[in-house]
Every structure is written in C-alpha cells, then in structure tokens.
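Trainee: I should like to learn how to read the features of a model such as this one. May we begin with the structure itself?

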Amino acid sequence: MVLISAFKGAFGQKVAVVLSGGGSRGTAHIGVLKALEENNIPIDYIAGTSIGALVGGMYASGYSPAEIEEFFSSEMFMRWSNGLLDPKYTYYFKKEPPDASWISLDMDLKKSFTSMLPTNIISPVEMDFLFMKLFAGASAACQYNFDSLFVPFRCVAADIDSNKAVILRSGDLGKSIRASLTFPFYFKPVEIDNRLLFDGGMYNNFPSDVVIDDFKPDVIIGSKVAGNYPKSDPDDILTQIQNMLMSETNFTLNINSGILIEPPVDKVSLVDFSKTNTFIKNGYDETLLRMDEIKKLVHHENQNNQVAEMRKNFVKRNPKYLIDSIYISGLNKRESAYIYQTLIHKSPQATLAEIEPEYFKLAADDKIGHISPSMKFDTITKKYNLFLKINPADKFVAKFGGNISSRLANQAFVELQYKYLFRNALRVKGNVNFGKFYTSVFLGARLDFPMKTPVSIGGQVVYNHYDYFKSTTYFFKDITPSFLVQDDNYFRVFAAIPATNKGKVEADFTVGILEDQYYQSNTFTREDTTDRTRFKCHAGSLSWELNSLDRKQYASSGAYFLLSATLVNGDERFTSGSLSGNYGTIINKNHNWGSLRVVWDNYFTKIGPFTFGFYGELHLSTQDVFSNYTASLLAAPAFESVPESKTLFLSNYRAYNYGSFGLKGVLKLSKRFDVRAESYVFQPYQQIMKAEDNTAYLGKELSSRYYAFAGSLVYHTLIGPISLSFNYFDNPEEQVFVALNIGYLIFNERALK
C-alpha cells in the first residue's frame, strides 16, 4: 500500500481489477493482466474468486504477468492440479510392495461411516506446500494485512456452515487463496479461524461488489471467463456438482465506470489446463481489442518501468525462508516426537529448502493422514516459525482387488492393515489371495525408526499355493486334473534403509518349506499319486532396489533397477509317486548355492505420443540340478516377462543361469488408453535337459534361445487396468493365446526371490 500510495495520490483516480472464477479457463486472466501492464494501465486494487484469486493473489504478491504465465505453464502446476507428486519427492522406502488391490479404504472404528468417506479426489500434498512457498514471503512483507501487499487484494471463499461468502482481507495469504479455489469434493477444504472454507464461486464468482465496498474505485476492469452454469453434462460429475452448489452471480458492471472483458475460451473441464497458453493469448488479444475503451475511462498511465521498479522493491522486503522453530498440532506427545525425528536431525533452525525433502518424506508416510503447513514470520527472531497441523491416518485400512480373467487367472484379493504411530511407526497387515490358480495367506509387520538415516525392520509369514492346469486356456472347457501344484511357505525377517528417494537397501533372512507335487508325464488318471519334492531351506539376501515406475503394472514411464545377491542352503527330499518305476522311493540331497540377479526396466523420454523402453535381466548362480527333471525346473528361477507369464509354467523360460533383454513400445492414445508392444529374448547359459530316466542334466552352453512377444490394449481406470492382450511364448506347452484381464496379476513374493 505504501509503495503505490504516492502514485495514486498524485492522480486521484483509482482502478480496480476483478477476476472471475471459471477453473482452467481463468488462465485467460493472465493475458488480461499482461496487456494492461504493457499498456501502462494502473492496477490500484485487485480481487478474485477461485482461479481468479490465484492469478490475482500472485499479481498482488509481486509476481509479474510473465512469472505468473511461466508458473501456470510449468510441469509443477500441471502436477499439483492433478494431485501428482514431483518424482523427486517419491519416497520408495515408505512404499509397500505392489499388490493386486483396486481400492483402499481407511477406517477408524471410533468414527461414523460417513466421516471415513474421502473428502477430496485430488491429493493436496504438493499443492499445500507450494502455496506456502509462493505466498509466505509476501504475507510477511505485508504483515499479514492484504491492504499492504504490492497491490491491495481481496479474495472470496465460501463458509458452508453459515451458507455465506467470506471476504478474506488478512492472515495467511496462501491459505486464503487455497480456500478460495477449493472446489468441493475435488480439493480438500481449508480451515481458517475455525471455519471450513470452500470455493468462493459457490456464493460470489465475480467479486465486483467486494472491491466497491472495500476500495471504492473510480474504474473497474473485469475479466470474466465464467457464467451461470448451463444444464449439467451427464458424463461430467464436476459440472453436476457445480450446478448443485453454485449460486447465480451478477457479472454486470456500471457502463460509465466499468469495462467487462470476456476472453473467448473454449468449454473445457474445470481442471483441464491443456489449453493454458491458448487461453492466455485469448485474454491478451481480447484486452488489446478493448484498449481504446479502457483508456477512455482511465485518465492516466503508469510511467515506463515504474511498476517493475515498485515490484522489485516490494519483493526485496520478502524475508528469506529461514526456519527458527517447528510447531506441531493435532498429535499427542509421542506422535509428535516421531514427526520431529523425521524432520529435524541436527538443529531445528534450517532453511525451508533443507526441510522440504524431509517434509515430503513425512507426507509419504502412510501413518500420516493430512498435513496442513503454514509459516509465520517472527519480527523478533527475523525468522519464520513453521506450523504443521497434522491428522494421523486412520488406524485401519481395508484393501480389495484381484483379477477377472478370460483364462484361468481369476483372483480375489483382500487385505486388512493396522497402523500405529508413536515415537516409531508400526504397521501390521494380513492379506488373502484366493482363486483356482493361486491361493495365498500373508501375515506381516514392519517397524519404522525415524532418524537421519531411517531404518525399518520387520517379518512376515507367507503361505503360497500355485495350481497349474493341463487344459485349454479358456475357462469354458472342462479342466483336467492338476499336473503340477506348488506350495511355497516361508518365514522372513528383514531390515532396510533408504538409498536415495527412489530406492532402498534391504537385507533379509528366510526359512522356507517348498513342496511340489507333479506328474512327470502328461498321461495320468485321477487315481494316480504324484511325485513329491520337499525342499527345506534357509536363505540370506542383500538387495539394492530403485523404483520410479509410474504404475505397478503396465508402466509407461520411470525405471526399475534391482541388484541382489543370495546364499541358499537346503535339503531336498524326493518321494516317487505311483507312475514311477520305483514307487515310494525316497531320495535325500543337500543343496548349496549363491546367486546374483540384476534387473533393469527403463522407459525413455517420451517422443510425442510414443514411449520406448528397454528390459534387461541377468541371473548368475552356482545352483545344481535336483533329483529329477521336473524338480530341477521347479527349483530354477523363471523369466516372467509379461503379467500373463506369471500364470503359466513355461519350461523353456527357466534356467539357473540366463540373460534376457527386451524392447517395449507404448503408444498413448489418450490420458488413460495405451497400446503396447513388447518383444523379448531369453538366453539360458545351459538349458535344463531331461534324461531318459527323468533325471536332469545341463545342456550345451548357449545352445538354445527363446523368444516372447506380447501386444496389448490397456485402459487405465481409476481402480486398475483393463487389458486385452495377444501373447506368444516359444514354449512346447502353450504358445499363442489371447487374454482379457480386469485388474492386476500381482502375487505375494516367493520364498526364494
């Protein structure tokens, strides 16, 4: 206010700019401001609602139209408007292993059912932190009085408890703007002064009356990209909600003292910012067309570079982001201790840039429900205090999912978790997979210790049961008896530490009992008994894992890398079945081996709608053959290149030592619809061969290689993928098939990874 008071006093005439709501179409306001400033039209006051509050608030905080345009055109803005997190803030260490879940429901037994329902579609994690970064300096510079910003500012929010519009004139500028654009159910509501606030457009989508009452300007220049809404689109839930909630707004201005600019903007979704640059240009061009009218009302102009110099002087007053203390509310003493240990490792005094990565690590923690951050400048210490209002996550989580298949891989998945936060963090979970092919029960726990280098320890007990079929690939035919059944049961303990934001290093120790039942011939009856191999083992493993893939199945960006070393010792016990020449024979054999596995799955930079990827895998081992051919195959690692290969017993793609590589191409037809093509080469060093007496031996080095191809159409729904795939495997049992899957083919880990 001080910066521009002398200028206003010299000419007397006061000009206010009013920016309407309108979702993504509001980016046209940037072009309006740009044209006004380039033509030296003074802006003495500014007010806005929703997207207009964000554009106007940035201008009032000292951001130039060029800086505002850069912000709205940035990847950062596109991410937070879609609820996505910057990949650099991905914290893989805190992520759970992928599972087959479609939906996840947080529950608290002390809450009512309705209070457990989600209140927002879009995650506010990065948006809330970003708004704090954008506006904390300007809030401090104006001493939390919006009249003392670079340009005096007002924004409007909606208090749904009182059914009234709320005019925000002071306080935390970032929270005020965030409240003004909080579209109900899409963004999480904001609490200010014990009032739960939503999008101001619900009650006042064009606050010209606010600037008249508060500032009494001589001229109002309005930018309107919204209207009173037409009939709802039956396929667009946001248009339905806005018509239910939004009141009619008066967009008229006094023709003698106001000009209403209406940039031509296409009808798009409220959150579709794909046309930002076009809308900015439309706002700019439309304002230039009206410039003669504007200058007839506005009798004076700014001097060249005057506004830029005033803006520079205001921005200089923004204190640097130095944090003196952190204050936590919403948690008890022990829970708060966990937060402090996560955020602060040496001194509580730090720069915001130093705290930022630790903040996002905390936000990635599933024991934390929601963090509302704010900073307030302390005029005594000349530093900021960081305030974190934190809601602990609900203690219980229920997950449901699985896979619906045209083949034999129909699967259901149910999981229940319990989470407990104290000075450390505990998660206990159990899940069940059940289907004709795969059945599994999992019980596990993980304890996290927050410190400069976080540590997690845990354990799990797992029962896996795989039932392969000698049958047609379609479920309409009669299923013959199982020719191979695997039980994979184990107990595992582990310890892990993070390795960069995208990775972790983990050591584990496993005790397992692996039991296989099988026929070594495809000619058998229901009265025959199978051969049995039981392998009691223990194994130690050390692995380094990096993962930035964008999806747990059918990824199209990011990378995955695994380097693991394993030592195995165990005793094999083979018992022959009724088809063996020596029925009831028992063979005992001890096995010791070490193995090294390297996996690299990488998607390269997108070229237009195309993304290309590479997959490479190397497995080296000192493992020897088991007592017979089938047991040797079952004990060998399997190369499972595509999801469907996990449901098949492909003998040609099993070996103790092998290398494989593949090329992948993804054509993105739309935001959710992909066409994929994949091809792989599998090169065993020595193929496992079958002797006449059913024993196994290793073939000649590099004497054979096998290929695999897959093409698929994938539609990514909100709960999981729907895929139609064509698959070819260079395998004697099953080579070509088409599969329709709805969901995920993801199973619990095996004993020997």
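Mentor: We shall take cysteines, a helix, a hairpin and some loop residues in turn. This is a predicted model, in which local features need pLDDT of at least 70 and side-chain atom pairs count only at pLDDT 80 or more, while totals for chains, interfaces and linings use all residues. Residues are numbered from 1 along each chain as its sequence is written, and side-chain values use heavy atoms, with hydrogens and water left out.

Trainee: How many disulfides does the structure hold?

Mentor: A disulfide is a covalent bond between the sulfur atoms of two cysteines. The criterion is a pair of cysteine sulfur atoms within 2.5 Å, and the structure holds 0 disulfides. For Cys142, the closest cysteine sulfur is that of Cys155, and no bond is counted because the separation is 12 Å, which is too far.

Trainee: Is Cys142 buried or exposed?

Mentor: Buried means under 20% relative accessible area, exposed over 50%, and partly exposed in between, with a 1.4 Å probe and protein chains only. Cys142 is buried, at 3% relative accessibility, and Cys537 is buried at 5%.

Trainee: How should one read helix H6, and where is its kink centred?

Mentor: An α-helix has 3.6 residues a turn, so residues three or four places apart point the same way. Helices (H or I, at least four residues) and strands (E, at least two) are DSSP runs, numbered from the N terminus. The expected span of a helix is 1.5 Å times one less than its number of residues. For the 17 residues of H6 (residues 125–141) this gives 24 Å, and the end C-alpha atoms are 25 Å apart, which agrees. H6 nevertheless has a kink of about 40 degrees centred on Phe135, the bend being the angle between axes fitted to the seven residues ending at a residue and the seven starting there. Of the 17 residues in H6, 15 are buried.

Trainee: In which sense do strands S4 and S5 pair?

Mentor: In a regular strand the side chains alternate between the two faces of the sheet. Two strands pair if DSSP finds at least two bridges between them. S4 (residues 153–159) and S5 (residues 164–168) are antiparallel, with 5 bridges, and Val156 stands opposite Ile167 in S5.

Trainee: Which loop holds Tyr144, and where does Lys216 lie?

Mentor: Tyr144 is in the loop between H6 and S4; its phi is positive, near 65 degrees, and Tyr144 is buried at 16% relative accessibility. Lys216 lies in the loop between helix H8 (208–215) and strand S8 (219–223). Lys216 also has a positive phi, about 50 degrees, but counts as exposed at 58%.
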